[in-house]
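Work through the two exercises below. Try each task before you read its solution.

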Amino acid sequence: MNSMINFAKIARHILDKNPDKRYLLVRSNIRDFKLVNQMFGFQKGNEILTCIEDFLYDHRNSYAAYGQIAVDQFVLLVDKDKFSTTDFSCLPKICSEIITTTNFRVHIQLGIYEIVDPNMEVYSMCDRAKLALKSIKIDEPLSAAWYNESIMESRIYNKKIISEFESALENEAFVMYLQPQANTKGEIMSAEALARWNLEDGTILSPSQFIKILEESELIWKLDLYMWENAAKLLSQWKNDPEKKNLSISVNISPKDLYYVDIEKKLLELVEKYDISPKKMNVEITESSFINNPDLYIDLIAKLHNAGFAIEIDDFGSGYSSLNMLKNIRADILKLDMGFLHDSNDLIRSQIIIDSIIEMAKRLDMQVISEGVESQEQAAFLKINGCDLFQGFYFSRPVPADKFESVLKEYNLEKTSTRGSHPKTTRDIVAETA
């Protein structure tokens, strides 16, 4: 078995000797190999590694060089004209046959870097193939990804986000935005708290530009604590304001928060610190995070519910929604993901399903919020079918917390106005569907 050093030496010799030839550097990985060892023992894990070694040895004439550079990772230098991913199609099946006691299947991943500059260090080529590996999202027995410059740009961007996060948090560069939630009368009843990152140059980053990175780097809990505190502080300011005292704010809980924060304890501390009612601070939990950690969430939700917090199931319908989840937890609010309606090729079938979900939620004594509402037609359909609250660009985009009062005033003026074209209330919808 060649070490990384030996492989690099051999590969460098071949590349220097054949400067005009086009080569690929291919790096393989066994998905969740640690899990294989935990489930079936190290002996089976070693047998799978030996299986791959034997496969590569049997096909050694197809590669200019190959070696094992990590416990479960092999690397190949291959003539571009001789390479095809189909050459590896049988490998997952061969490896899976080693484990005969279950239906478990070994998944092989390939990261491929086309060598454009043969003078580049072999270690850098291996890094690029590794980045291609990390970009794989599909879950197939054999999956492959080719490196491109956008992967490197993404890596640099991710590192920038991570390196600047702590100081940005300390300097309060994160700002809480609120997206209003209106009822069928056009009254704002609540809002969802959403983070924005204000950069020094004035650029504002939306959650899609940093939340996932913070989740993957195990930093999201720090931002969530910051947002929870800001929401509690704002609710404290609202409680003596006649126009805002009855409003609630929804805050998000990330799956990673469970491992770093005593969520129940922290939220109760904030309620006491700012002297607010827990009923005004709704807690949003995505359905996908529940599916990944059902036992932890069942216990947490029960405790928060008993403490007086309203529990929202966020993004329902965005993934493989679990009816078992609704059976096992007592949530107060179901948030429908309107992407379910947008992405459908069969609008009638989607509408029937949404209608059924709303009816089911009502029978479970849950309110329904539709998020992502973008048109009057969508709002009208949802209102007819019993949706309680609406959230989306049709009503209002997220606004900075300090601008939220002006949105409230705009709604209040609209409710008493005789104008009929303003898109931010459901007054016209109520008239049409009464």
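**Exercise 1.** Which residues of helix H2 (residues 33–40) are buried, and on which side of H2 do they lie?

*Solution.* This is a predicted model. Step one: apply the cut-off, since buried means under 20% relative accessible area. In helix H2, Phe-33, Val-36, Asn-37 and Phe-40 are the buried residues. Step two: look around the axis. These residues cover an arc of only 100 degrees, so they sit on the same side of H2. Step three: recall the geometry. An α-helix has 3.6 residues a turn, so residues three or four places apart point the same way. Step four: check the other side of H2, where Lys-34 and Gln-38 are exposed. Step five: find the cover. Strand S1 (23–30) and helix H3 (42–58) are among what covers the buried residues of H2. Finally, Gly-41 follows H2, and its phi is positive, near 95 degrees.

**Exercise 2.** How many residues of strand S7 (residues 188–198) are buried? Then find the strands that pair with S7.

*Solution.* Step one: count. Nine of the eleven residues of S7 are buried, so the rest of the structure largely encloses this strand.

Step two: take the partners in turn.

- Strand S6 (residues 174–183) pairs with S7 in the antiparallel sense, over nine bridges. Here Gln-181 stands opposite Ser-190. Four residues separate the two strands of this hairpin, and Gly-186 in the turn has a positive phi of about 85 degrees.
- Strand S9 (residues 248–253) runs parallel to S7, joined by three bridges. Ala-191 stands opposite Ile-249.
- Strand S8 (residues 204–205) runs antiparallel to S7, with two bridges. Asn-198 stands opposite Ile-204. In this hairpin, five residues lie between the strands, and Gly-202 takes a positive phi near 95 degrees.

Methods
Residues numbered from 1 in each chain as written. Predicted model: local features only at pLDDT ≥ 70, side-chain atom pairs only at ≥ 80, totals over all residues. Heavy atoms only, no water. Buried < 20%, exposed > 50% of the residue type's maximum accessible area, 1.4 Å probe, protein only. Arc of directions from axis to C-beta. Contact = heavy atoms within 4.5 Å. Pairing = 2+ DSSP bridges.
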